Every structure is written in C-alpha cells, then in structure tokens.
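Thanks for coming, everyone. I have one structure to walk through today. Please take a look at it before I start.

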Amino acid sequence: MRSGPVPLSILAIAFTAMAGLAVSPCDAVPAPDLDGAAWIWTPDAAGLNADQCTRYFRGKFTLPAGAEGGIAQITATADNYLTVYLNGTRILSRMKDPDGWDRPLTTETSGILLPGTNCIAVEGVNTLAGPAGIIVKLSLAGGSGIPIVVVTDALWRGSDREAPGWQRPGFDDSGWDPVTVHGEFGMPPWGDMGLPKSTVPALDFEGAKWIWTQEAAKGMHLPAGPRYFRTVIDVPEMAAGARAQALITADNAFALYVNGTRIGRGSEWSQPARFDLTKVLTPGQNTIAVRALNTLEGAAALIARIAVVQPGADPLFWSTGEDWVCSHEAPEGWQRPGFD
Ligand SMILES: [Ca+2]
C-alpha cells in the first residue's frame with residue numbers, strides 16, 4: 001500500500017453521455033412554486049417506495065440579521081400527508097385526503113423568522129405502502145432586501161421518531177439521518193402539479209474527465225477498494241438568486257464532501273447524482289473531496305462537474321481533470337480544507 005498522494009490517471013474511456021440533467025433555476029424573484037426543490041424521504045425508502053409510516057424532517061437555514069423581518073412564502077406538498085412547522089409554529093397542514101399531493105399548500109408568514117438559525121420541520125405521512133415523499137420551498141422577500149430561497153435537498157435530515165421539540169431550531173438533529181433525495185420537482189410520478197417550472201440549461205458532464213489513480217494507466221483491471229480524490233475551487237461571491245449544483249458519479253460508488261461536510265453519496269454509476277451546493281459553497285476557496293469505491297476488481301472511474309449559475313452572468317463550471325489529486329489512503333482530515 002502506498003501512502004500519500006499518488007499520480008492521477010485521466011481515463012480515455014467514453015461512457016454514454018448523460019443528457020437531460022437539468023440545473024436548478026435561478027429564482028431572482030420569489031414566487032409560489034416548488035421549482036428547484038427536491039422530493040425527499042428518509043433513507044429507509046426503497047427507491048420511491050416506503051412502508052405505511054410517519055417520518056419527521058428538518059431543514060435548517062441561516063438568515064443574516066435584518067432578513068428575518070421579511071415575508072416568507074412557503075409552498076409544500078407530500079405523498080401523502082404533511083404538517084409543516086417554521087421555527088416550531090405550525091404553518092401548513094393536510095392530514096386527510098391522501099390523493100391531495102397534487103394540490104400543493106401555500107402560505108405567507110411574517111414574524112416567525114429569526115436572525116441566525118431557522119428551521120423548517122415537516123411531519124410526513126405515507127398512508128399506504130408505496131411512493132412517499134415531501135417537497136418544500138420557502139422564498140423570503142423584503143427584510144434585508146436579499147431574496148432568500150430554502151428548499152428540500154440533500155442537506156435535510158430525517159427520523160422515524162418524534163422527539164420532544166423536534167420542530168424547533170435549537171433541537172439537536174445530529175443523530176438524524178441525511179435524507180434520500182428522490183429527485184427534483186417535476187419528476188415522475190408527481191410531475192409539475194400545475195406549478196411553474198423554469199426552463200434551465202442542463203448541467204451535464206461536458207468537459208469533465210473520468211479520473212482514477214495512476215493504477216488505471218495499465219488498464220481497467222483495478223483492485224477493489226476505496227481511493228480518495230481532492231481539488232480546490234475558487235468560487236466568486238454569489239449574487240442573490242445564484243444556484244450551485246454538483247453532478248457526480250463513480251464506478252462503483254462515491255461519497256462527496258465539500259469543505260469537510262458530507263453532501264451525499266451514490267452507488268449506481270449510470271445514474272449520476274445531483275446535489276444542491278447553493279448553501280454549501282462559500283466565496284473563495286472550497287475543498288471538494290470524494291471517496292470513490294471500486295467494489296469489485298475491474299473498471300473504476302470518477303467523474304464530477306460543479307456549476308454556479310448566477311442571474312445575468314455566464315455560468316461557471318469546475319470538472320474532474322488534471323487539477324485533482326488522489327491518494328490510496330485517507331489520513332485524518334483528508335476531506336477538510338487546509339489538509340496537505
Ligand atoms: Ca404514498
């Protein structure tokens with residue numbers, strides 16, 4: 001076993017182009033819609049399906065001082081029932097009509113938001129074994145004058161237990177599981193439910209290269225096991241309405257970290273995963289790290305592309321390529337900024 005950085009291979013292999021993978025849109029103006037939000041459920045779901053059950057979800061977000069004085073518009077629905085809390089206050093609920101998922105609820109609130117940490121909490125009920133999901137979008141206007149959008153995404157957490165105070169911002173959800181993201185608003189079987197959906201440029205793997213360690217220079221009979229990849233990207237100050245996304249897959253599996261935080265994972269190379277990095281990337285240097293796993297001896301490769309889409313500006317892209325580094329080992333802190 002070698003230690004430390006090892007040479008990287010750029011793989012001259014052509015995988016099927018991944019088309020039709022849309023970047024979330026830029027919402028310069030908050031509107032009652034679910035565009036850019038994802039359908040999520042707890043990780044015990046089998047694909048879209050779950051048992052008849054009740055699950056609890058939390059999505060935290062931070063507001064700059066002054067922003068809490070704005071008016072928040074919240075739109076949400078669930079397959080099948082949901083109750084939505086904002087900072088512990090119940091703001092939306094549909095706990096009957098299991099077929100009502102196609103009529104999203106919407107409301108406006110003020111006076112509930114806080115400077116600093118806020119929390120959207122959702123009780124979701126799947127009334128019958130089968131498709132289960134929740135989807136929520138909060139758009140905040142006024143206040144600081146900066147439009148702020150919060151959506152269900154891979155950063156939400158879920159639990160099968162209703163703990164005291166679980167709806168409140170200060171509740172410790174570190175023991176809750178990262179949610180499973182079913183897909184973006186508009187996906188089947190739920191469709192667009194008659195709500196507006198932006199037409200946006202697709203985020204694809206254009207210009208991205210499949211990479212692996214130098215072991216791949218000799219061919220694709222690669223040993224099973226994990227390999228570790230890193231790069232640093234320099235992100236500009238993101239304007240209001242900017243959206244950041246990552247598209248990534250690996251043969252066979254990966255876990256993606258940004259600035260030391262695990263964003264998500266995937267284990268089916270033919271189904272690239274997309275993650276919303278809007279709330280994750282910070283102006284300046286950001287560390288992108290990937291643990292890629294070759295589960296069986298044979299082919300192994302990693303590909304990723306990150307996009308920042310800003311209103312009125314050309315989109316910015318970063319892709320796997322020569323500027324990534326790799327290692328056979330994962331010393332403490334390997335995924336964090338500042339690691340050598
Ligand atoms: Ca259902």
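Val 125 sits in strand S10, which spans residues 116-126. This is a predicted model, so keep that in mind throughout. Is Val 125 buried or exposed, or something in between? Val 125 is partly exposed, because it has 19 other C-beta atoms within 10 Å, and a buried residue needs 20 or more.

What does Val 125 touch, leaving aside its neighbours within four places in sequence? Its contacts are Thr 54, Asn 80 and Tyr 81. Look also at Asp 79. Along the chain, Asp 79 and Val 125 are 46 residues apart. Their C-alpha atoms are separated by 7.3 Å.

Now the sheet around it. S10 belongs to an open sheet of six strands. The order is S8-S7-S10-S5-S14-S15, and the pairing is antiparallel. Which strands are at the edges? They are S8, residues 89-94, and S15, residues 177-178; each pairs on one side only. S7 and S8 run antiparallel and are joined by five bridges. One pair to find on screen: Val 84 has Leu 92 in S8 as its bridge partner.

Step back to the whole protein. How many helices and strands are there? Zero helices, and 26 strands. The protein has 340 residues, and 44% of them are buried. Take the contacts with a separation of 6 or more: 79% of those join residues 24 or more positions apart.

Next, the core. The largest nonpolar core holds 88 residues. Val 136 and Leu 302 have the most contacts inside it. Strand S24, residues 301-309, gives the most to this core: eight residues. Two domains feed the core, with at least three residues from each. Domain 1 covers 5-17 + 202-327, and domain 2 covers 38-184.

Stay with Leu 302. Neighbours within four places in sequence aside, its contacts include the aromatic names Trp 210, Trp 212, Phe 229 and Phe 254. Also on the list are Ile 211, Ala 250, Val 290, Ala 292 and Thr 320.

Now S24 itself. How many of its nine residues are buried? Nine of the nine. In a regular strand, side chains alternate between the two faces of the sheet. Here, Ala 301, Ile 303, Arg 305, Ala 307 and Val 309 point one way. Leu 302, Ala 304, Ile 306 and Val 308 point the other way. Both sets are buried, and that includes Arg 305.

Who pairs with S24? Strand S19, residues 243-251, runs antiparallel to S24, with nine bridges. Asp 251 stands opposite Ala 301 there. S24 also runs antiparallel to strand S25, residues 316-319, through four bridges. Ala 307 has Phe 317 in S25 as its bridge partner. S24 and S25 form a hairpin with six residues between the strands. In that hairpin, Gly 312 takes a positive phi near 70 degrees.

Last topic: confidence. The mean pLDDT of the protein is 86, and 88% of its residues reach 70 or more. Which elements mark the two ends of the range? Strand S7, residues 81-86, has the highest mean pLDDT, at 98. Strand S1, residues 5-6, has the lowest, at 67. Then there is the stretch 14-31, where pLDDT is below 50. Beyond near neighbours in sequence, that stretch has 59 contacts in the model.

That's my tour. Over to you.

Notes:
Residues numbered from 1 in each chain as written. Predicted model: local features only at pLDDT ≥ 70, side-chain atom pairs only at ≥ 80, totals over all residues. Core = buried A, V, L, I, M, F, W, Y, C linked by C-beta atoms within 7 Å. Buried ≥ 20, exposed ≤ 12 C-beta atoms within 10 Å, placed from the backbone. Domains from an automatic or database assignment. Contact = placed C-beta atoms within 7 Å. pLDDT = per-residue confidence, 0-100. Pairing = 2+ DSSP bridges.
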